[in-house]
Amino acid sequence: MTASTYDVAVIGAGAAGLMCAGVAAQRGRSVVLIDHAAQLAEKIRISGGGRCNFTNRSVGPENFISANSHFARSALSSYTPGDFIALVNSHRIAWHEKHRGQLFCDDSSEQIIRMLRDECDRGAVHWRMPCTVLSVAREADGFRLDTAAGPLYAARLVIATGGLAIPQLGATDFGLKIARQFGLKVIDPRPALVPLTFDAQSWAPYAALAGVALEAGVSAGEGRGRQRFVEDVLFTHRGLSGPGILQISSYWNPGEAIELDLAPGAEIGEALVRSKPGNRQQLATVLAALWPRRLGDQWLGPDASLRLADAPDRVLRELGSRIHAWRLVPAGTAGFRKAEVMRGGVDTRELEQRSLESRKVPGLHFIGEVVDVTGWLGGYNFQWAWSSAFACASSF
Ligand SMILES: Cc1cc2nc3c(=O)[nH]c(=O)nc-3n(C[C@H](O)[C@H](O)[C@H](O)COP(=O)(O)OP(=O)(O)OC[C@H]3O[C@@H](n4cnc5c(N)ncnc54)[C@H](O)[C@@H]3O)c2cc1C
């Protein structure tokens, strides 16, 4: 079999790989796009509850976690949310803004997949899918890939195989292995945007609250590294979930505490002390006006039936402190099977900021989630996929 030769081989036809292949091909490069999955871009399909939160109105390096916090700046400014919105508009995909600048398709995430596939077709990208890559080797003028469909050569190789989250959808450590094969450092991968779990004994008093959701301030970290989000939190049988917990999980390190303010913006202790005089209502009833009833009953315990007027100020203030600063130490996370993304990945110090090209191995690029740049919840991870892919493809 004679091996085909391309300017660019992209491994991974997810968000970043599709974008990179389409842009490079439309710039006149011959591009082959390879993926082992039978279905195209499964993560885009399931994203945003099936409507794909494809970007965020306001995106900056501060919305990302990385050992090198400024690394993302160059790519993010080379291809902005406005650029992606323009692409979406040019394909007549209707979209809307939800809270906190999050943009979603009106109809279906399938539209984003179709758009990216059409952009690839416009540039006449060659497809090898489903196709397993057996090995990658550096040759004098590029890379040799041995695949299940035979060998191929490419002057440049782009690794866009994503992170380890949701292995049941085809996530693999292929990108991390290639990085290590070529001697690039990898920041330890960890589940991020993931529910937090507690050991059964310490969580037993709260397990009955499963299903209760409320807005909370959630913090983790120390000193300048401390991060806080105010978002919804959900009690589950094993621990805590919901957007606020997913956000803080990306900053949490094993063994550390997180702190929850279960009534952000209110001063529950002082409010109770102020409304005490002559108030014969039970504490549980008073609190139910401010808080989910089940949560109030759980927090008050035997104090639930106390009349507010009879409750010592000290008890009310202590209750307020417990509500506003609930410290707890998670046992762990729900793991990669439940995580939305991977934290860590190819060390950005190994890569050129503008082209995402390896400093050690010219012609080898890493884009998207496999790189140690992890976005917040809210469309940031897709924007990183689009921006890093565009920056890479524009450098060829
Ligand atoms: C449930 C869920 C919901 C999400 N919702 C959102 C959202 O609404 N907004 C947002 O911004 N982010 C969201 N994300 C995160 C987002 O999906 C990812 O950050 C993004 O898809 C990363 O793009 P990528 O191209 O780097 O990787 P991926 O999109 O994961 O693509 C990687 C591709 O590589 C292929 N691949 C893997 N291993 C191999 C191999 N060995 N050989 C060949 N091919 C391989 C895979 O099949 C896949 O097609 C969500 C994630 C999950 C899990």
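Over how many bridges do strand 14 and strand 15 pair?

1. This is a predicted model, in which local features need pLDDT of at least 70, side-chain atom pairs count only at pLDDT 80 or more, and totals for chains, interfaces and linings use all residues. Residues are numbered from 1 along each chain as its sequence is written, and side-chain values use heavy atoms, with hydrogens and water left out.

2. Strand 14 and strand 15 (residues 239-241) pair in the antiparallel sense over 2 bridges; pairing requires that DSSP finds at least two bridges between the strands. Strands are DSSP runs of E, at least two residues, numbered from the N terminus. F235 stands opposite L240 in strand 15, and 3 residues lie between the two strands of this hairpin.

3. Strand 14 (residues 227-235) also pairs with strand 13 (residues 213-220), in the antiparallel sense, over 8 bridges. Here L214 stands opposite V233 in strand 14. This hairpin has 6 residues between its strands, and G221 in the turn has a positive phi of about 90 degrees.

4. The largest nonpolar core (buried Ala, Val, Leu, Ile, Met, Phe, Trp, Tyr and Cys residues joined through side-chain atoms within 4.5 Å; buried means under 20% relative accessible area, with a 1.4 Å probe and protein chains only) has 131 residues. Those with the most contacts inside it are I112, F366 and W386. Domain 1 (4-191 + 341-394) and domain 2 (196-333) both give residues to this core, so it lies between them; the domain bounds come from an automatic or database assignment. Apart from it lies another core, of 5 residues, among them L193 and L246.

Conventions:
Buried means under 20% relative accessible area, exposed over 50%, partly exposed in between (1.4 Å probe, protein chains only). Helices (H or I, at least four residues) and strands (E, at least two) are DSSP runs, numbered from the N terminus.
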